[in-house]
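Work through the exercises below with the sequence and the structure open beside you. Try each task before you read its solution.

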Protein chains: 2
Amino acid sequence: MLSDNIAVLFPGSGMLLVKQDPGNVTFPKNNHDHGRCIAVALDKAAAVCMDRGVRLTELRRRVLEIIWQNHKPLGAYSILEQLRQDGRAAAPPTVYRALEFLLEQGLVHRIASMNAFVGCSRPGHISDGQFLICRSCGSSTELNDGKLEKVITRNSGSLGFTVEHLTIEVSGLCPHCRRARGEPAQYSNCPVSGEDSSGTEPT
Amino acid sequence: MLSDNIAVLFPGSGMLLVKQDPGNVTFPKNNHDHGRCIAVALDKAAAVCMDRGVRLTELRRRVLEIIWQNHKPLGAYSILEQLRQDGRAAAPPTVYRALEFLLEQGLVHRIASMNAFVGCSRPGHISDGQFLICRSCGSSTELNDGKLEKVITRNSGSLGFTVEHLTIEVSGLCPHCRRARGEPAQYSNCPVSGEDSSGTEPT
DNA sequence: ACCAGAAATGCTATCGGATAACATTGCGGT
DNA sequence: ACCGCAATGTTATCCGATAGCATTTCTGGT
């Protein structure tokens with residue numbers, strides 16, 4: 001586990017010490033200090049960009065800030081709308097180019113199942129991550145389970161398939177929404193039954 | 001492993017014996033008998049629908065057939081175009097309603113990362129499946145790894161998250177395309193390094 | 001300080017993906 | 001034959017994404 005350092009930068013050194021996002025250690029709590037999430041994310045982003053010699057322009061920074069306004073994946077046109085509310089001239093390419101940059105730098109993730117974008121909780125790390133997305137409140141949590149990625153890569157490899165990119169998105173109910181519905185904690189209420197495992201190598 | 005039975009139907013019994021899709025036991029070969037894939041898929045679909053008392057209309061059947069013309073996920077508007085080439089009146093809702101039906105019956109899958117649709121290799125089974133999609137040739141293979149689903153469900157559950165739907169899509173290079181590029185078999189050329197596993201319970 | 005080239009942004013247009021709302025057709029049961 | 005409902009046709013509209021080109025802004029070299 002990482003220690004509790006806040007974004008510390010060693011420019012040009014290729015080294016970067018970052019802090020775990022407090023909102024993502026578990027599922028984001030309704031009452032967490034989200035201002036801190038934003039501040040940390042923007043700090044980390046500045047650090048990563050400086051470290052890599054790329055430019056976190058005002059537009060890009062602002063788009064990142066908009067995405068980080070909460071933990072819910074946000075559509076490109078919602079971002080566009082907010083840019084316009086800033087009084088800025090903006091068209092779709094404005095947003096998509098900023099997003100392209102942020103994706104390249106690993107500062108945001110694209111949630112394919114929603115056509116939306118969410119802040120990366122571990123910028124600077126190269127990983128596609130896994131996402132738990134609540135269908136009720138829309139919040140998402142990023143996991144980075146290296147073991148899971150290895151298992152998939154290994155099973156794919158046994159079929160001769162070379163993995164380049166993983167999309168793993170889980171939709172369901174987060175603990176808060178489940179509790180709000182009076183449903184008890186449970187692991188078994190999943191329609192995805194594990195009835196077999198054909199198609200993959202036995203482990 | 002299932003025996004090699006071809007689609008056998010017990011109408012109304014709730015039981016259905018189906019054959020493994022020969023094109024999907026491994027990654028689809030370039031020279032496999034795809035006509036058989038199509039015939040089997042359409043037979044299975046008819047069986048599943050009869051079994052469930054739902055109607056596989058001519059339109060729905062045709063859309064399924066179009067999707068099964070190969071193992072490459074197909075966009076809704078490509079389907080639309082082909083329907084029109086049939087001389088049929090068609091607009092987007094025509095396609096999307098047929099797709100909605102086929103998805104509900106588990107006859108096709110939606111590939112979120114491509115906004116496209118592909119035939120289900122195990123119709124009648126309830127599973128989201130996992131997909132290996134070649135970025136070079138576009139072909140996809142469906143896996144159904146119950147263990148993988150269980151691991152994800154369990155890890156999510158340990159965070160209090162109830163899983164309802166899994167999206168697992170892997171993009172990369174299929175064995176045929178990799179070979180065509182002269183790249184040797186390998187498991188390690190994956191940018192998704194397993195550097196850690198923060199965010200999930202240790203197993 | 002200036003200039004040239006490159007990077008970033010502005011802008012227009014267009015395409016693909018998806019759905020809402022309502023009209024019409026067709027099928028099954030009585 | 002009639003009714004009711006499921007399925008399809010039709011129109012319109014919205015969101016997501018990108019191509020292509022013009023303009024501005026930044027950066028590095030002199």
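**Exercise 1.** Find which helix gives the largest share of the surface near DNA strand D.

*Solution.* In this predicted model, begin with the elements that each supply at least two residues of that surface, namely helix H4 (92-104) of chain A together with helix H2 (58-67) and helix H4 (92-104) of chain B. The largest share, 4 residues, comes from H4(A). Then sort the residues of the surface near DNA strand D by character, which gives 9 nonpolar, 4 polar and 6 charged.

**Exercise 2.** Determine which parts of DNA strand D are reached by the side chains of A:Tyr77, B:Arg97 and B:Arg60.

*Solution.* Start from the 19 residues around DNA strand D, where A:Tyr77 and B:Arg97 are among those that come nearest. Sugar and phosphate account for 51% of the strand's atoms that come within 4 Å of the protein. Next take the individual pairs: an N or O atom in the side chain of A:Tyr77 is 2.9 Å from a base nitrogen, and a polar side-chain atom of B:Arg97 lies 2.6 Å from a base nitrogen. For B:Arg60, by contrast, the partner is a phosphate oxygen, at 3.3 Å.

**Exercise 3.** For DNA strand C, state which helix supplies the largest share of the nearby surface, and what A:Arg97 and B:Tyr96 contact.

*Solution.* The largest share, 4 residues, comes from H4(B). A polar side-chain atom of A:Arg97 lies 2.6 Å from a base nitrogen of DNA strand C, whereas one of B:Tyr96 lies 2.8 Å from a phosphate oxygen of that strand.

Methods. Residues are numbered from 1 along each chain as its sequence is written. Chains are lettered from A and ligands numbered from 1 in the order in which they are written. This is a predicted model: local features need pLDDT of at least 70, side-chain atom pairs count only at pLDDT 80 or more; totals for chains, interfaces and linings use all residues. Side-chain values use heavy atoms; hydrogens and water are left out. A residue is near a molecule or strand if one of its heavy atoms lies within 4 Å of it. A polar contact is a pair of N or O atoms within 3.5 Å; within protein, one must be able to donate a hydrogen and the other to accept it, and residues adjacent in sequence count only if both atoms are side-chain atoms. Ala, Val, Leu, Ile, Met, Phe, Trp, Tyr, Cys and Pro count as nonpolar, Asp, Glu, Lys and Arg as charged, and the others, Gly among them, as polar.
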